[in-house]
Amino acid sequence: MSAARQRIAVIGASAAGLAAAEGLRRLGWDGVITLVGDEPHPPYDRPPLSKQVLSGAWPPERTTLRDPGRLAALGLDLRLGTRAVAYDPALRHVTLDDGERTVLECAGVVAATGVRARTLPGTEGVEGVHVLRTLRDALALRRRLAEPGRRLAVVGSGVLGAEVAAAARGLGHRVALVGAQDTPMERVLGREVGALLAEVHRAHGVTLYPGRTVTAIAADGGRARGVELADGTFVEADDVLVAIGSEPAVDWLRGPAAPDLSDGLGCDRYCAAAPGLYGAGDVARWYHPGLGRHIRIEHRMNAGEQGLAAARNLLAELDGERFGERRPFEPVPYFWSDQYDLKLHAYGVLAGAVRTEVLRLGEDPLRLAALYGGPDRVTGVLGIGLTPRQARSLRPLAAGPGTWEEAVARLGETVAA
Ligand SMILES: Cc1cc2nc3c(=O)[nH]c(=O)nc-3n(C[C@H](O)[C@H](O)[C@H](O)COP(=O)(O)OP(=O)(O)OC[C@H]3O[C@@H](n4cnc5c(N)ncnc54)[C@H](O)[C@@H]3O)c2cc1C
């Protein structure tokens, strides 16, 4: 390896990128680690943006993932406010938009560029129309919600839309939640649990518009004044949050010899997309050996775990003698969501389930555990209103190739223990 090649570039300076950079150092890479991030901030955490930051419970600085001392101790070549604009897979060159179009010659690259919020066409520059992906987005929405008595329309009733609706109600605003799904988070939680969540939002005063699509965001003089629904309903609003999903940030990887970029960066079981190129976090769609298919997960825990796995496997590819063999990455996926005082924890894969078994835990309808899966096998488990210990104890139910009979029998014992 030539001297110029003693560099690993990690593109994307957030949860997955930071985990990769820390992993490279911890595992013994003593060459240059260039961490490139297009946001101006050092790595920060996104989950609090729709919760504590939006509600005002946390100052934005509290989302910082590592204090300056710990970050400095990694000895990184840190390039913030800098975007990667091109990648040459044959030469392993990354081009930056730093004014000089600097070309980084790399031994290897970890792509950790995450996703970007999807927007509604024609809403660019309209005051009061928001997305929520970055700290900047969160602070812009928080500024608006710091004024009392606002009317917020949330377009999209997935996890982000449901969390923001809850935070805005907590601040006393009038909130409308519009979703193409019949119940909030239905794509993940299914109809039965989604219906329960709908009741929780209604009980907290959110007006739900389920099963509706938005045809336009209405504006006067460049300011949002509401959303028009396909059935003719008009929902008045001062602010509109567009929470209709995201798109993997892969533009910089496009080119004639680009790897598979359909729905994120296509990777194998080792998180490798091409020789010397590994993917991690929200941007990576990789082959999960346990599930027997490719998946892409937008969960905080996965970003950290996959960043480390990608770092380890890249090092093993570069120098197997020193760093050992590559290992398949097959985690049990995990995510959580906070809405009002309700905590949801989920392990495994819930979306796309054809069978669900819900076990209610006592009188309180908001304490339950539920299994999700295909016709023969359980693939995921959800806990609502459980203690952290009870929630963690659900994990094994999603980890093994459990049959429905075994899993249903074990579920009751697990939550009772
Ligand atoms: C508001 C919100 C709330 C969430 N809540 C939860 C939750 O409760 N539970 C949960 O499990 N998950 C939650 N998530 C998801 C979780 O935050 C993500 O899974 C995690 O942030 C993914 O980390 P990442 O590093 O892969 O990607 P990201 O965090 O998206 O980071 C990618 C970084 O790369 C940068 N970048 C993109 N392109 C380039 C380029 N060309 N050059 C340089 N830099 C680039 C981006 O600007 C960004 O800084 C939430 C996400 C959001 C937005």
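In this predicted model, an N or O atom in the side chain of Asp38 lies 2.5 Å from an oxygen atom of the ligand. Asp38 is also listed with Glu39, Arg46, Lys51 and Asp282 as the closest of the 36 residues that surround the ligand. Further polar contacts to ligand oxygen atoms are made by the side chain of Arg133 and by the backbone of Ala15, and the three distances are set out below.

| Residue | Atom on the protein side | Distance to an oxygen atom of the ligand |
|---|---|---|
| Asp38 | side-chain N or O | 2.5 Å |
| Arg133 | side-chain N or O | 2.7 Å |
| Ala15 | backbone N or O | 3.3 Å |

Taken alone, the ligand exposes 1000 Å², and 95% of that area is buried by the protein.

By residue class, the shell around the ligand comprises 16 nonpolar, 9 polar and 11 charged residues. Among the elements that each supply at least two residues of this shell are the helices H1 (15-26), H5 (159-170) and H7 (300-318), together with the strands E2 (32-37), E8 (115-117) and E23 (334-339).

The domain assignment divides the chain into domain 1 (3-116 + 247-323), domain 2 (119-244) and domain 3 (341-416), so that domain 1 is given as two segments of the sequence. At least three residues of the ligand shell come from domain 1, and at least three from domain 2. As for the placement of domain 3, its centre is separated from that of domain 1 by 32 Å, with both centres taken over C-alpha atoms.

Methods. Residues numbered from 1 in each chain as written. Predicted model: local features only at pLDDT ≥ 70, side-chain atom pairs only at ≥ 80, totals over all residues. Heavy atoms only, no water. Near = heavy atom within 4 Å. Polar contact = N/O pair within 3.5 Å; in protein donor to acceptor, adjacent residues only side chain to side chain. Areas by Shrake-Rupley, 256 points an atom, 1.4 Å probe, with all protein chains shown as cover. Helix = DSSP H or I, 4+ residues; strand = E, 2+ residues; numbered from the N terminus. Nonpolar A, V, L, I, M, F, W, Y, C, P; charged D, E, K, R; others polar.
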